[in-house]
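Please look through the structure shown here before reading on, and keep it in view while the parts are introduced one after another.

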Amino acid sequence: MTFKIVIIGDRNVGKSSLLRRYAKGEFKDYNPNSFPPIVPEYMYESTVTNDKTSEVAVLIDTVADEDYDDLRPITYNLAKVILVCYSVDDELSFFHVVRKWVPEITKHQSRIPFILVGTKSDLVAKISTNEGKQLAEKLHAAAFLECSSKDGTGIKEVFTTALNIYTRSFAYKRRNKRPCNIM
Ligand SMILES: Nc1nc2c(ncn2[C@@H]2O[C@H](COP(=O)(O)OP(=O)(O)OP(=O)(O)O)[C@@H](O)[C@H]2O)c(=O)[nH]1
Ligand SMILES: [Mg+2]
């Protein structure tokens with residue numbers, strides 16, 4: 001069973017940067033209105049480790065545009081954890097977590113756990129850590145974290161937390177169940 005992680009959230013919140021920072025250890029600051037931006041990659045494979053185990057994760061990037069609203073949920077299929085992102089400096093992206101992103105998960109794959117991720121924590125925040133935490137609780141997120149792909153703060157924790165959630169899941173336990181010997 002693949003440890004598949006999908007990232008969603010508004011345009012420009014830093015989804016691609018977050019995956020690239022973790023999988024490749026790099027960050028490219030670019031003007032999102034300029035063309036061409038960095039060539040997008042939509043999938044990475046990367047090892048994630050927690051204090052108990054290590055798993056190769058498949059990280060799936062997504063496109064936020066409405067044109068993809070019918071297509072995007074296909075990527076949720078067999079996902080183990082979804083990263084729902086908003087940018088701490090963008091109130092509308094926070095609002096859309098409630099209005100669009102979590103309802104979209106609930107509609108298509110209500111049992112997949114999600115982490116609420118406040119991105120761009122290096123910028124002056126319009127959404128406080130406390131507001132993020134409260135929303136995560138209200139929406140029954142499996143976890144809440146803030147991070148910055150620019151300075152690297154909190155990036156590793158996003159993926160370690162995703163692995164912690166996955167290893168606690170029924171799917172993971174079933175996969176790793178040892179055959180029992182009946183005496
Ligand atoms: N200051 C700061 N800027 C960031 C950070 N992460 C991304 N950015 C910038 O935010 C912009 C958008 O980043 P992307 O990673 O392309 O965002 P995205 O969510 O993938 O955007 P779309 O693919 O268009 O939906 C770029 O200008 C990045 O350089 C961060 O942690 N801090
Ligand atoms: Mg992107």
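The paragraphs below go from the sheet to its strands, then to the helices and the core.

This is a predicted model, in which local features need pLDDT of at least 70 and side-chain atom pairs count only at pLDDT 80 or more, while totals for chains, interfaces and linings use all residues. Residues are numbered from 1 along each chain as its sequence is written, and chains are lettered from A and ligands numbered from 1 in the order in which they are written.

The sheet is a good place to begin. Six strands form an open sheet with mixed pairing, in the order β2-β3-β1-β4-β5-β6; helices (H or I, at least four residues) and strands (E, at least two) are DSSP runs, numbered from the N terminus, and two strands pair if DSSP finds at least two bridges between them. Because β2 (43-49) and β6 (143-146) each have a single partner strand, they stand at the edges, and one side of each is left without a neighbour in the sheet. On average, neighbouring strands of this sheet are turned by 25 degrees against each other, direction ignored, where axes are lines fitted to C-alpha atoms, for helices over the stretch in contact, and angles run from 0 to 180 degrees between N-to-C directions.

Strands of a sheet pair through backbone hydrogen bonds, either parallel or antiparallel. Here, β2 and β3 pair in the antiparallel sense over seven bridges, and they form a hairpin with four residues between them; in this pairing threonine 47 stands opposite valine 56 in β3. β1 runs parallel to β3 and is joined to it by four bridges, with alanine 57 in β3 as the bridge partner of phenylalanine 3 and leucine 59 in β3 as that of isoleucine 5. β1 and β4 also run parallel, joined by five bridges, and isoleucine 7 stands opposite leucine 83 in β4. Between β4 and β5 there are six bridges in the parallel sense, and valine 84 stands opposite leucine 116 in β5.

How are the side chains of β3 arranged along the strand? Glu55, Ala57 and Leu59 point to one face and are buried, while Ser54, Val56, Val58 and Ile60 point to the other and are not; a residue is buried if 20 or more other C-beta atoms lie within 10 Å of its own, exposed if 12 or fewer, and partly exposed in between, with C-beta atoms placed from the backbone. In β1, by contrast, Phe3, Ile5, Ile7 and Gly9 point one way and Lys4, Val6 and Ile8 the other way, yet all are buried. Since seven of the seven residues of β1 are buried, this strand is largely enclosed by the rest of the structure.

Turning to the helices, α1 is likewise largely enclosed by the rest of the structure, because eight of its ten residues are buried. The buried residues of α1 include Leu18, Leu19 and Tyr22, and the buried residues of this helix pack against β1, β2, β3, β4, β5 and α4. Glycine 25, whose phi is positive, near 70 degrees, follows α1.

α2 packs on the sheet, where it touches β1, β4 and β5, and its direction makes about 160 degrees with that of β4. In α2, Ser93, Phe94, Val97, Trp101, Val102 and Ile105 are buried, and the buried residues of this helix pack against β1, β4, β5 and α3 (129-138). A kink of about 50 degrees in α2 is centred on valine 97, the bend at a residue being the angle between axes fitted to the seven residues ending there and the seven starting there.

Many of these elements meet in the largest nonpolar core, which has 40 residues, those with the most contacts inside it being Ile82, Leu83, Val84, Ile115, Val117, Val158 and Ala162; a nonpolar core is a set of buried Ala, Val, Leu, Ile, Met, Phe, Trp, Tyr and Cys residues joined through C-beta atoms within 7 Å. Among the elements that give two or more residues to this core are β1 (3-9), α1 (15-24), α2 (91-109) and α4 (155-167). Alanine 162 touches Ile5, Val48, Val81 and Ile115, not counting residues up to four places away in sequence, with two residues in contact if their C-beta atoms, placed from the backbone, lie within 7 Å.
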